[in-house]
Amino acid sequence: MRARATAALPLALLTVALAVFSRPTTDRANAATQLGPGRIRFVAAPGSSILVYGTYPHVKSRCVRPVQPIVHARYSGALEVGKDAAGRLFVIGVLPFEDYLKGIAEVPRLWPMEALKAQVVAARSYALAHLGNPGTLGEELGYQLCATDACQVYRGLGISDGPYGDRWRRAVDATAGQVLLYAGRPADTVYSSTSNGHTIGNDVVFGSDPLPYLRPVPERDDGASPLSHWRASIALGDLARFLRTAEDWPRRPISSVALSGGKVIVRGGGAVRRLTVAEFRSDLNSWAHCLAPDRYPTADADGQLPQTVPSVWFDLSTAGRSVELRGRGWGHGVGMIQWGAYGKAARGLDYREILGYYYGGLRPRRHAEPSEIRVGVAVGLNNVTLQATGPVTVEGAKAPAGPWLLTAGAGKLEIRTGAPVQAALSPGTIVRSPPRGRAGRRIKVTLSLPQTSVVHLALVSDSGDVSFGPTRTFGPGSARITGRLPPVVSGAYRLVAVVSNGIDIVRTPARRLAVLGSSPSPSSSPSAASPSRRGPAQSPSVPGSATGWEAPVGAALLVALVLAGLLLVSRAGRRRRADRR
């Protein structure tokens with residue numbers, strides 16, 4: 001029995017090894033079979049990302065300066081591209097739930113940390129509350145949340161890896177798993193920018209049953225918002241044109257506008273129209289910036305307004321040949337007021353107190369969340385180009401070399417090699433740097449940056465790039481960055497600054513730098529310490545194959561296990577022969 005058990009050991013080890021090291025490929029195969037018909041999935045390895053550039057169909061516009069929208073963003077995780085029933089393309093992001101939160105763009109990342117934490121918990125709770133209700137389009141295409149302000153604004157690495165993204169990531173990590181619960185379920189924690197002096201009940205704005213955690217409360221802390229109080233002036237001639245284009249006014253001049261009983265009363269040329277405040281606001285926001293972009297939205301004491309009429313909370317009067325609006329707030333006003341959270345954090349409240357104030361005393365609690373989420377990144381596209389930075393696996397199609405251009409072919413999704421995506425970011429220049437340096441010593445570099453950017457330094461040689469020094473956010477203008485030269489071999493290098501906004505990754509023109517380091521050898525690499533290389537690389541993987549360490553390490557361990565088993569069998573055989581003697 002002992003001899004037979006020993007003899008069976010190599011087979012058992014081989015079985016275990018094959019099971020362990022074939023699992024990644026099996027998982028990928030299973031994932032590929034789960035793809036809907038005609039879909040292609042692009043999976044970025046850890047540390048890699050995918051740049052997305054998509055265009056929409058051209059739509060005729062009456063606007064003076066029509067803007068053709070595009071998608072230009074960068075994402076981690078996986079991206080699925082498919083074709084909808086109308087023949088348009090859609091992109092769905094699949095990524096860990098907490099990574100999704102790190103890509104949400106709802107408040108400035110330089111706000112007080114307690115305000116950021118409050119926003120994170122509200123966003124996490126909102127997402128969990130809405131995962132089961134993706135809407136008709138979400139159900140049809142297979143995503144759980146959209147990426148626009150109809151859900152929560154999600155911009156991927158443009159936020160988490162963009163300027164000051166480290167602060168937002170810290171807020172997400174510091175509140176990991178914390179959710180506001182009502183009756184044991186995630187609360188519907190809606191929020192908006194700026195109030196009119198108090199929040200508003202959900203039943204008043206959305207027409208839903210009143211929720212005890214979404215009751216009106218006074219707001220005295222959002223005064224720092226530029227929209228806490230706002231003013232707008234609209235010429236009566238312009239107003240007549242905007243309302244006429246919206247089909248709410250005849251071809252007649254407007255002589256007066258008044259507000260009475262929640263209605264905007266417009267008079268002129270014998271005509272009278274009574275519009276709700278919401279209709280009046282919608283008409284102006286739809287057509288003012290479109291037909292007169294040089295005049296609207298207007299600028300007040302705090303700068304240009306985000307919309308011609310930011311909210312429905314305003315008074316108005318006719319003054320000469322213009323209508324003057326004086327208003328407060330921006331957004332629907334239900335739940336947490338983001339600028340109010342800013343003000344409360346500024347006067348010392350922590351995020352738990354901030355959330356409790358707006359959401360009926362609810363406090364963050366630990367709650368289970370899904371391992372991943374499916375986000376509708378973009379819909380209705382004409383075509384989309386995906387460009388890899390680091391290893392990316394393609395599933396569901398035989399992929400050519402990247403970048404990949406996807407179009408809606410006759411009956412199926414077509415993929416071919418496309419043109420590289422052009423960066424919209426300017427890298428700036430290195431103004432001052434030393435001509436030489438010693439490995440392990442610090443150098444000081446002065447940059448000129450045209451915009452706020454995330455920057456780190458890198459040495460470039462024929463053997464590759466070696467990043468060094470801190471990764472920091474710098475504002476536009478002159479920036480000084482200090483970094484310790486890595487332990488490279490002696491030689492002449494090209495010094496660059498790698499500049500990013502979280503979406504585009506560009507480099508400054510290189511400057512020569514002679515580095516005194518270790519002596520070169522025939523097999524030397526750029527760095528004896530082999531630091532991580534943060535520069536972009538175009539290296540798509542073969543569909544369904546192992547990437548990174550899996551294949552070489554798995555094969556080596558498999559061989560080692562089999563050899564160990566054979567050695568045991570050999571020793572057992574020698575023992576049996578000795579016993580017979």
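The exercises below, each with a worked solution, concern a predicted model.

**Exercise 1.** Determine how helix 4 and helix 11 are oriented towards each other, and which residues meet where they cross.

*Solution.* Begin with the geometry: the axes of helix 4, which covers residues 113-130, and helix 11, which covers residues 338-346, come within 8 Å and cross at roughly 140°. Angles over 145 degrees would count as roughly antiparallel, and those from 65 to 115 as roughly perpendicular, and helix 4 and helix 11 are therefore oblique to each other. The handedness of this crossing of helix 4 and helix 11 is right-handed. Turning to the residues, Glu 114, Ala 115 and Gln 119 of helix 4 are met by Gln 338, Ala 341, Tyr 342 and Ala 345 of helix 11. Sorted by class, the residues of this contact between helix 4 and helix 11 comprise 4 nonpolar, 2 polar and 1 charged.

**Exercise 2.** Find the angle at which helix 9 and helix 10 pack, and classify the residues in their contact.

*Solution.* Helix 9 (residues 236-245) packs against helix 10 (residues 277-291) at an angle of about 110°, and their axes are 9 Å apart. Since angles of 65 to 115 degrees count as roughly perpendicular, helix 9 is roughly perpendicular to helix 10. On the side of helix 9 the contact includes Leu 239, Phe 242 and Leu 243, while on the side of helix 10 it includes Phe 280, Trp 287 and Leu 291. The contact of helix 9 with helix 10 contains 8 nonpolar residues, 1 polar residue and 2 charged residues.

**Exercise 3.** Describe the sheet that contains strands 24, 26 and 29.

*Solution.* The 3 strands follow the order 24-26-29 in an open sheet with antiparallel pairing. Strand 24 (429-432) and strand 29 (477-484) are the edge strands, each of which pairs on one side only. On average, and with direction ignored, neighbouring strands of this sheet are turned by 40° against each other. Strand 26, residues 442-449, pairs with strand 29 in the antiparallel sense over 8 bridges, and Gly 483 in strand 29 is the bridge partner of Ile 443.

**Exercise 4.** Decide whether Glu 369 is buried, partly exposed or exposed, and list its contacts.

*Solution.* First locate Glu 369, which lies in the loop between strand 19 (364-366) and strand 20 (372-381). Its relative accessible area is 26%, so Glu 369 is partly exposed. Beyond its neighbours within four places in sequence, Glu 369 is in contact with Phe 97, Glu 98, Arg 124, Leu 128 and Gly 177. Finally, Glu 369 and Ser 125 are 244 residues apart in sequence, yet 9.8 Å apart in space, C-alpha to C-alpha.

Notes. Residues numbered from 1 in each chain as written. Predicted model: local features only at pLDDT ≥ 70, side-chain atom pairs only at ≥ 80, totals over all residues. Heavy atoms only, no water. Axes fitted to C-alpha atoms, helices over the stretch in contact; angles between N-to-C directions. Helix = DSSP H or I, 4+ residues; strand = E, 2+ residues; numbered from the N terminus. Parallel < 35°, antiparallel > 145°, perpendicular 65-115°, else oblique. Left-handed = near helix turned anticlockwise from the far one by under 90°. Contact = heavy atoms within 4.5 Å. Nonpolar A, V, L, I, M, F, W, Y, C, P; charged D, E, K, R; others polar. Pairing = 2+ DSSP bridges. Buried < 20%, exposed > 50% of the residue type's maximum accessible area, 1.4 Å probe, protein only.
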